[in-house]
Amino acid sequence: MIRFLVDTSSDYTVEEAKEQGLELVPLHITMGEADYRDAYDLTKDGFYEMLTTSEAFPKTSQPTPQDYVDIFEDVQEKGDELICILLSSKLSGTFQSATLAKSIVDYDGIYLIDSLSATHGIRIMTDYGKQLAEEGKSAAEIVDALEHMKSKIKVVAVVDTLEYLCKGGRVSRTTAAIGEVAKVKPMITVAEGEVAVIGKSMGKNKAISNALKQIESNEPDQNFPMYSLWTYGTENCEVFESRLNAAGYEAKDRLQVGATIGTHVGSGAFGVIYVTK
């Protein structure tokens, strides 16, 4: 039997993971003195409520190797195969923890994929992997297909405030202060496994126009779903979706982004994720 494992940076809820038969390993979120298991102890809305009201800036930390060992040993004992699709190694030590766990268990039926992605990019890869498994592909064939696919996953998102990019050290305080006054809306992506600012626009309408240009220049592959994304508060995403539809694109679903990326972008962010041709 081929099984799949993701970490909570994938933004699957615990309920979704159970419904789909996925192993779900939590990252940890530290806010001041409190420590939470992402998705298990803290919902997405709960995270953003704390983010917007707490003076402390959240920190995320990877699962321990033991978190993986327990699952890997169960897979070995049952003679199954396990495909792990994990948060980008450039954003967290999650992949390294899994690599160490695999060396401890020493079982060839475990496959580790560094997604070089985060949030629902991992969902797209997982759904495709499950589809290939249902078609009768071997674990090795599925891993090869996903390795080829991962560079084609495109994230285009608009950040509503510079506050959290500043707190995370991605823009300076001066830039953030000037940007807030000028209503600058940064556009970000996940490029080569890292969160990167790829443009800045004056105001939301201009930001949406520039996001649509990004999509036009990186044409979606219609064989895979496109999802609209939001962090906290759907108003901006709803406006974006109407512009997206007018441009001839249709999101299969609207998906909320959790703590791993939400820490950097805060509430009010919106965007899209899809697979390029």
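User: In this predicted model, which strand holds Ile 153?
Analyst: The model is a prediction. In it, the place of Ile 153 is in strand E8.

User: Is Ile 153 buried or exposed?
Analyst: A residue counts as buried under 20% relative accessible area. Ile 153 has a relative accessible area of 10%, so Ile 153 is buried.

User: How far apart in space are Ile 153 and Tyr 274, C-alpha to C-alpha?
Analyst: Leaving aside neighbours within four places in sequence, Ile 153 is in contact with Ser 117, Gly 121, Met 125, Ile 273, Tyr 274 and Val 275. Tyr 274 is thus one of its contacts. In sequence Ile 153 and Tyr 274 are 121 residues apart, but in space their C-alpha atoms are separated by 5.8 Å.

User: How many residues of helix H5 are buried?
Analyst: Helix H5 covers residues 120-134 and has 15 residues. Among its buried residues are Gly 121 and Met 125, and both of these are in contact with Ile 153. H5 is mostly covered, and the count of its buried residues is 11.

User: What distance does H5 reach from its first C-alpha to its last?
Analyst: At 1.5 Å a residue, 21 Å is expected for H5. The model is close to that, with a reach of 21 Å.

User: Which residue follows H5 with a positive phi?
Analyst: The phi in question is near 95 degrees. The residue that has it, after the end of H5, is Gly 136.

User: How far apart are the end C-alpha atoms of helix H4?
Analyst: H4 takes in residues 94-105, which makes 12 residues. At 1.5 Å a residue, H4 should span 16 Å. The value in the model agrees, because its end C-alpha atoms are apart by 17 Å.

User: What arc do the buried residues of H4 cover around the axis?
Analyst: The buried residues of H4 are Thr 94, Phe 95, Ser 97, Ala 98, Ala 101 and Val 105. They lie on the same side of H4, because the arc they cover is only 155 degrees.

User: Which elements do the buried residues of H4 pack against?
Analyst: One helix partner is H3 (65-78). The strands are E1 (2-7), E6 (81-86) and E7 (110-114). The full list is therefore E1, H3, E6 and E7.

User: What is the relative accessible area of Thr 94?
Analyst: Thr 94 is found in helix H4. Not counting residues up to four places away in sequence, Thr 94 touches Asp 7, Leu 27, Gln 62, Pro 63, Tyr 68, Leu 86 and Leu 87. Thr 94 is buried, and its relative accessible area is 0%.

User: What is the volume of the largest cavity?
Analyst: Rolling a probe the size of a water molecule over the atoms shows where empty space is left. Counting cavities of 30 Å³ or more gives 1 cavity. The largest cavity has a volume of about 140 Å³.

User: Which strand gives the most residues to the lining of the largest cavity?
Analyst: Strands E8, E9, E11 and E13 and helix H11 each supply at least two residues of this lining. The element that gives the most, with 3 residues, is E9.

User: How many residues in the lining of the largest cavity are nonpolar?
Analyst: Of the 16 lining residues, the closest to the centre are Val 155, Ala 157, Leu 229, Val 257 and Ile 261. By class, the lining has no charged residues and 4 polar ones, and the nonpolar count is 12.

Conventions:
Residues are numbered from 1 along each chain as its sequence is written. This is a predicted model: local features need pLDDT of at least 70, side-chain atom pairs count only at pLDDT 80 or more; totals for chains, interfaces and linings use all residues. Side-chain values use heavy atoms; hydrogens and water are left out. Helices (H or I, at least four residues) and strands (E, at least two) are DSSP runs, numbered from the N terminus. The expected span of a helix is 1.5 Å times one less than its number of residues. Buried means under 20% relative accessible area, exposed over 50%, partly exposed in between (1.4 Å probe, protein chains only). The arc is that of the directions from the helix axis to the C-beta atoms. Contact means heavy atoms within 4.5 Å. On a 1 Å grid over the protein atoms alone, a cavity is a set of points where a 1.4 Å probe fits but cannot get out, and a pocket is an open set with protein on both sides within 12 Å along at least five of seven lines; lining residues have an atom within 4 Å of a point. Grid points are joined across faces, edges and corners, and a volume is the space filled by probe spheres set on the points. Ala, Val, Leu, Ile, Met, Phe, Trp, Tyr, Cys and Pro count as nonpolar, Asp, Glu, Lys and Arg as charged, and the others, Gly among them, as polar.
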